[in-house]
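Visitor: I'm new to reading protein models. Could you walk me through this one?

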Amino acid sequence: MLPTFESSIGPVVATAQAAEAAGLDGVFAFDHLWPMGHPGLPSLSMFPALAAAASATTSISVGSLVARIGLEPDEVLEGAFSTLSAIAPGRVIAGLGTGDQKSEPEGLAFGLASIATEPRRRSLAEVAANLRASGLDVWIGGGSRATNSIASSLGCRLNLWAASVERVAKMATGADVTWGGQLPRGASPAASKLAELARAGASWAVVSWKGDLGALRELAEIAATRLTP
């Protein structure tokens with residue numbers, strides 16, 4: 001995850017470049033108007049932050065985790081992904097989600113109308129289908145059974161944030177599943193968690209990480225060795 005809860009774009013660019021140099025697969029940004037639970041603290045706008053990361057790199061994937069339906073019109077959201085794809089062709093991951101009650105205060109504070117759940121899901125399905133048709137890798141934030149079924153019906157990856165290994169294994173039986181969250185402290189527990197997630201069927205692990213990104217790459221390599229029987 002990129003450090004977007006900042007007042008300057010510098011840390012985002014530096015992190016993206018360091019991640020690419022370390023051999024990581026991708027960098028992602030939250031779509032929050034402020035850090036969760038901390039109104040008034042800085043938060044960079046997601047698409048400009050991703051564009052800066054894309055412009056400063058050449059090979060690493062850049063993605064949203066997740067772009068929330070309802071923060072802007074569907075056509076504007078699709079256009080933003082199209083623009084990002086022009087900056088980083090073949091490197092964009094379009095993570096989409098309907099949002100939840102935890103993020104609702106952000107929209108209300110910025111004067112955004114509250115949209116009922118079902119219309120958000122319909123928009124999610126339409127935007128996801130359009131982005132898939134344009135050739136983008138689309139992830140959908142896991143939630144209710146109805147939301148999860150959209151990912152399955154469209155062939156999108158299902159992202160499970162902070163899900164247990166057991167839930168990853170259960171959901172991976174019917175979908176391509178990715179995982180996001182924090183790793184446990186300590187090199188051995190963290191590597192074990194990555195190995196467990198991979199064994200359960202997660203095709204990606206997107207983590208919040210503070211510190212040297214080369215060390216994160218080493219954890220992934222250790223985890224790979226633990227997958228061998």
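Visitor: How many aromatic pairs are there?
Guide: Keep in mind that this is a predicted model. Two rings count as a pair if their centres lie within 6.5 Å. By this rule the count comes to seven aromatic pairs.

Visitor: Let's take F30 and W161. Is their pair stacked or edge-to-face?
Guide: Their ring centres sit 5.8 Å apart, and the angle between the planes is 75 degrees. Planes over 60 degrees apart count as edge-to-face. So the F30 and W161 pair is edge-to-face.

Visitor: How many residues apart are those two along the chain?
Guide: F30 is in the loop between β1 (26-29) and α2 (46-55), while W161 belongs to strand β6 (residues 157-161). Their pair links distant parts of the chain, and the two are 131 residues apart.

Visitor: Is F30 buried or exposed? And what about W161?
Guide: Buried means under 20% relative accessible area, and F30 has 18%, so F30 is buried. W161 has 39%, which lies between the 20% and 50% cut-offs. That makes W161 partly exposed.

Visitor: What about F47 and F81: how far apart are their ring centres?
Guide: F47 is in helix α2 and F81 in helix α3 (residues 74-87), 34 residues apart, so to speak bridging distant parts of the chain. Both of them are buried. Their pair is edge-to-face, with 85 degrees between the planes and a centre-to-centre distance of 4.9 Å.

Visitor: Which residues make up the cluster with F30?
Guide: Ring pairs tie F30 into a little group with W161. The cluster also takes in one further ring, that of F5.

Visitor: Now the helices. Is α1 oblique or roughly parallel to α9?
Guide: Helix α1 (residues 10-22) and helix α9 (residues 213-226) pack at an angle of about 40 degrees, their axes 9 Å apart. Angles under 35 degrees count as roughly parallel, and roughly perpendicular starts at 65. The angle therefore makes α1 oblique to α9.

Visitor: Which residues of α9 make the contact with α1?
Guide: On the α1 side, the contact is made by T15, A18, A19 and A22. The residues of this contact divide into four nonpolar, two polar and one charged. On the α9 side they are L213, G214 and R217.

Visitor: Why is α2 described as largely enclosed, and what covers it?
Guide: Seven of its ten residues are buried, so α2 is largely enclosed by the rest of the structure. Those buried residues are M46, F47, A49, L50, A51, A53 and A54. What covers them includes α1, β1, β2 (61-64), β3 (67-68) and α3.

Technical notes:
Residues are numbered from 1 along each chain as its sequence is written. This is a predicted model: local features need pLDDT of at least 70, side-chain atom pairs count only at pLDDT 80 or more; totals for chains, interfaces and linings use all residues. Side-chain values use heavy atoms; hydrogens and water are left out. Rings of Phe, Tyr and Trp (its six-membered ring) pair if their centres lie within 6.5 Å; planes under 30 degrees apart count as stacked, over 60 as edge-to-face and the rest as tilted. Helices (H or I, at least four residues) and strands (E, at least two) are DSSP runs, numbered from the N terminus. Buried means under 20% relative accessible area, exposed over 50%, partly exposed in between (1.4 Å probe, protein chains only). Axes are lines fitted to C-alpha atoms, for helices over the stretch in contact, and angles run from 0 to 180 degrees between N-to-C directions. Angles under 35 degrees count as roughly parallel, over 145 as roughly antiparallel, 65 to 115 as roughly perpendicular and the rest as oblique. Contact means heavy atoms within 4.5 Å. Ala, Val, Leu, Ile, Met, Phe, Trp, Tyr, Cys and Pro count as nonpolar, Asp, Glu, Lys and Arg as charged, and the others, Gly among them, as polar.
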